[in-house]
Amino acid sequence: MPMDEQQQGDAAGTGVGAGVGAGVGTGAGVGTWRVAGSTVGDGVPDVAELQRRLGRFAAARGWGQYHLPKNLVAALSVEASELLEIFQWLTPEQAAAVMSDPERAPRVEDEVADVLAYLLQFCSALGVDPLAALAAKIERNELRFPVGGTPPLDA
């Protein structure tokens, strides 16, 4: 359910329920998604807190009127394209080592942050729990693509 501007700015009004996290953990050793209430000691906030912070940031600047699902998904696409641009002409070896490049690594991190920020704001606007959605998608994919099985024709 879409949120109004008041809800977007409200610290409790993120559109994310208590089920944030839904069993999703780490990805390939490159980072950890924090679940609501996480107490990991590295100071990285959980997803729900990031959504609240983004909502407060936009509300304080009066941007809620622009943060409609269509606009947010368009901005998400633009930011994903900016991330792609960094890799556009790299060889596979250069792409694999991009985070060792002192000029490209900060750009990659900035664009990843932009993509994630717009995705989280989009999810908040529509009331989608991104981690629950991901966990459900992984479960569906595990059923559709069993280990050792033949991929379905509709994949």
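**Helix α6 and its surroundings**

Let's start with three residues: Pro-130, Leu-131 and Ala-135 are the buried residues of helix α6. Looking down the axis of α6, you find these buried residues within an arc of 135 degrees, so they line one face of the helix. Keep in mind, please, that this is a predicted model.

Why would a helix sort its residues by side like that? An α-helix has 3.6 residues a turn, so residues three or four places apart point the same way.

What sits on the other side of α6? The face turned away from the buried side carries Glu-139 and Leu-143, and both are exposed. And what covers the buried residues? The cover includes α2, residues 47-60, and α5, residues 104-126.

Now the geometry of this helix. Helix α6 covers residues 130-144, which makes 15 residues. At 1.5 Å a residue, α6 should span 21 Å, and its end C-alpha atoms are 21 Å apart, so the two agree. At the start of α6, have a look at Asp-129: one of its side-chain oxygens comes to within 3.1 Å of the backbone nitrogen of Leu-131. Leu-131, you will remember, is one of the buried residues.

Let me step back to the whole chain. It has six helices and zero strands, so to speak an α-α-α-α-α-α pattern when you read along the sequence. Of its 155 residues, 25% are buried. If you take the contacts with a separation of 6 or more, 62% of them are between residues 24 or more positions apart. The accessible surface comes to about 10,000 Å², and carbon and sulfur atoms account for 59% of it.

Two loops deserve a stop on the way. The loop between α2 and α3, where α3 is residues 69-87, holds Leu-68. Is Leu-68 buried or partly exposed? Its relative accessibility is 44%, so Leu-68 counts as partly exposed. In sequence, Leu-68 and Ala-125 are 57 residues apart, yet their C-alpha atoms are 6.9 Å apart in space.

The other loop runs between α4, residues 92-96, and α5, and Asp-101 lies there. With a relative accessibility of 21%, Asp-101 counts as partly exposed, because buried means under 20%. Which side chain does Asp-101 contact? The partner is Arg-104, through a polar contact of 3.2 Å between the two side chains.

That brings us back to α5, which helps cover the buried residues of α6. Thanks, everyone!

Conventions:
Residues are numbered from 1 along each chain as its sequence is written. This is a predicted model: local features need pLDDT of at least 70, side-chain atom pairs count only at pLDDT 80 or more; totals for chains, interfaces and linings use all residues. Side-chain values use heavy atoms; hydrogens and water are left out. Helices (H or I, at least four residues) and strands (E, at least two) are DSSP runs, numbered from the N terminus. The expected span of a helix is 1.5 Å times one less than its number of residues. Buried means under 20% relative accessible area, exposed over 50%, partly exposed in between (1.4 Å probe, protein chains only). The arc is that of the directions from the helix axis to the C-beta atoms. Contact means heavy atoms within 4.5 Å. A polar contact is a pair of N or O atoms within 3.5 Å; within protein, one must be able to donate a hydrogen and the other to accept it, and residues adjacent in sequence count only if both atoms are side-chain atoms. Accessible areas come from the Shrake-Rupley method with a 1.4 Å probe; for residues, only the protein chains shown count as cover.
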